[in-house]
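Notebook open, coffee poured. Today I am looking up holes and greasy cores.

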Amino acid sequence: VYSPCKRPCNRADWPRICRYRLVIEKFSLPKFLLVDHKNIISNENGAATGDDGSGKINRQLESHYFLVNGQHTGPALEVCKNDFLVIDVENRIPGRSIALHWTGQTQKRTPFMDGVPMISQCPITSYTTFQYKFQANRVGTHLYYGFSNDERKLGLIGALVVRSVHEQSQHPLTSQCQDDLIWLISEVNGTFLINGNRSMVLEVQPRRRYRLRVAYAGPVGSQNRCQRWLEIQDHNLTVIALDGNLVEPLVVERVALSDGNRVDLIVHTNVHAVKQDYEIRLVATGDSTGSVNDAGNGIECHPRRRDELPYAYGSTNNFRLKYVRSETADSALRPTSGAATPAEATSSTSSAKPPARKRLGFNVGRTVCSNSSGADVVADGPFPPGARSRPDKLCLLNVRTRANGGGDARDRFPSELREVERQISLVLTKRKVERQIFGERFYDLSYSVNGFSFIYPSVLMLQRKFNDDADLEHIICSNSSGYRRMPKKCHQTVDETCECVHVESVELGHRVELVIVNEDNDSAYTYHLHGYSFFVIASTRLNQQESWQSQLHNLKRNYDRPVLLDTVRIESNSMVVMRFVAANAGLWMLRDLDAEHEWSRGLDVLLNVRASETEINFPEDFPKCRHFIGPKYFLI
């Protein structure tokens, strides 16, 4: 770190230049983090499976991890709004190219710093350094991570925290927090890690508020089946922000984390704590396939040993919240005359807890709300209307953006977004494809969006006028301008998916409605939109007796302060509707976060917001990636 900028923010201060250096390395996992192969049961195909031979566990163990400046999970970059970040990223991984993306930041005027290989920059090749330089213009809890999925989930990830004067001195909750903590939660071969550590003790004092900035990266190969309840024993959690955007405070007892989302929480330490040690628990939700009605049937996310409890019902107690022993803390923790001792309160909770009931939880990755009867609802308040009793799970439609926008107009739903000028509908499909290798036939999965399977270009796309570029003409496809454009190579394919650079064009300043339809009955998909945040205004389950177009036409939109996100989980067999104003020129990736070891499995889409017609001031000597092919004719 050259010149960190962590400090109290002040309106009178000039933006600072914050310089950092990140060195990226890759190592093999130590043996104690690898599950003993003798305790893993394999089926006849050699895939790891459960004790009952059900085949629920079928993914390969990860044997490597990534370090950032010598640590699993990188250092937190903490700056104030409008500071300039200058970050030198050195790739010390032999034979592997990388790129770093910075979530939440619009990259206005610097779209070439967005960190998308072959789109906004050339990949950072082994033993070379690339300097990212941009302005942090979006307040909140954000992340930086490697573009590949296994990089992000195996250590090449860190927090990017952008603070503001409003949050530090004016917000009624955050301005009163005694500490600001960052938790990056990940799983490696079934082992939970917080900030790269297998265990942690959080020391707190009573009568205090603590802010937790939480992000979760699910295990590699889980195909978005893994969600985790985060709960602190006998403590409530107040949700105050999602993906860096402030929301109306929502008090719950646990929060379900989804891959890629960021959640800001407030923990109020108990004035009448009956003991000094409390568990910080991470428990499987049971929503294994993205279905909200699947509780208790969760598919396990990691290979387990014979002596382990089923993962769907287990938790971890390696993380604890501990009340510190001081005169102030002791007086608050000491039972009053006639009150139960800690041991008595632990054994008999009738006086310390309300009657037994389902704990109220908020599921960040649950975009479709259901009432007690299982019917879909559109929530008009903190609880779904029509529910006969208090629900035990809340979803995104139960959350409202902060009424006053937290002093930031970007959080408010623009009235002009009630009407749109461009609608982009994306239908996600998955099908089996028969392949042959070494003389053996097998079935593979082919993914596509509107019949297009995304591949990366062979030239740096942002630098090209690709509407009339010969190098790009043969690989670009789109549904823009009212007709279906495909490369010539796809004209002859009838039953096969067209592999191409899927581009959807949008005019600068247009109001856009983005509709993502997941026709997969088995899997959920997580999407992250680069360069923008969007309002989630509607969602529903797909009805097999009605076309999704008809359902979309009749779907009620919510314009009452809908939640603002940049990452959303599309549940199985569902449809989600989002809106945003395309005010930021450039090429912006709608990124499928679940591609395992590759850059893409075909479900990505590129949004072209007048990139070819906008003058982009690239730095001098900005790297260019292209083919090298010698002349057709040469002298011997």
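By cavity I mean a set of points, on a 1 Å grid over the protein atoms alone, where a 1.4 Å probe fits but cannot get out; lining residues have an atom within 4 Å of a point. Grid points are joined across faces, edges and corners, and a volume is the space filled by probe spheres set on the points.

Note to self: this is a predicted model, where local features need pLDDT of at least 70, side-chain atom pairs count only at pLDDT 80 or more, and totals for chains, interfaces and linings use all residues. Residues are numbered from 1 along each chain as its sequence is written, and side-chain values use heavy atoms, with hydrogens and water left out.

Cavities. I searched the whole structure and got six of 30 Å³ or more. I picked the second largest, with a volume of about 50 Å³. Its lining includes His 101, Tyr 145, Phe 147, Arg 152, His 530 and Arg 591. Where does this cavity lie? It lies between domain 1 (1–30 + 62–163) and domain 3 (415–609), because both give residues to the lining; the domain bounds come from an automatic or database domain assignment.

Cores. A nonpolar core here is a set of buried Ala, Val, Leu, Ile, Met, Phe, Trp, Tyr and Cys residues joined through side-chain atoms within 4.5 Å, buried being under 20% relative accessible area with a 1.4 Å probe, protein chains only. The largest has 67 residues, and Trp 183, Val 239, Leu 242, Val 255 and Phe 362 touch the most other members. Domain 2 (171–288 + 316–324 + 359–364) and domain 3 (415–609) both contribute, so this core sits between them. Apart from it I found another core, of 57 residues, including Leu 29 and Met 589.

Key: On a 1 Å grid over the protein atoms alone, a cavity is a set of points where a 1.4 Å probe fits but cannot get out, and a pocket is an open set with protein on both sides within 12 Å along at least five of seven lines; lining residues have an atom within 4 Å of a point. Buried means under 20% relative accessible area, exposed over 50%, partly exposed in between (1.4 Å probe, protein chains only).
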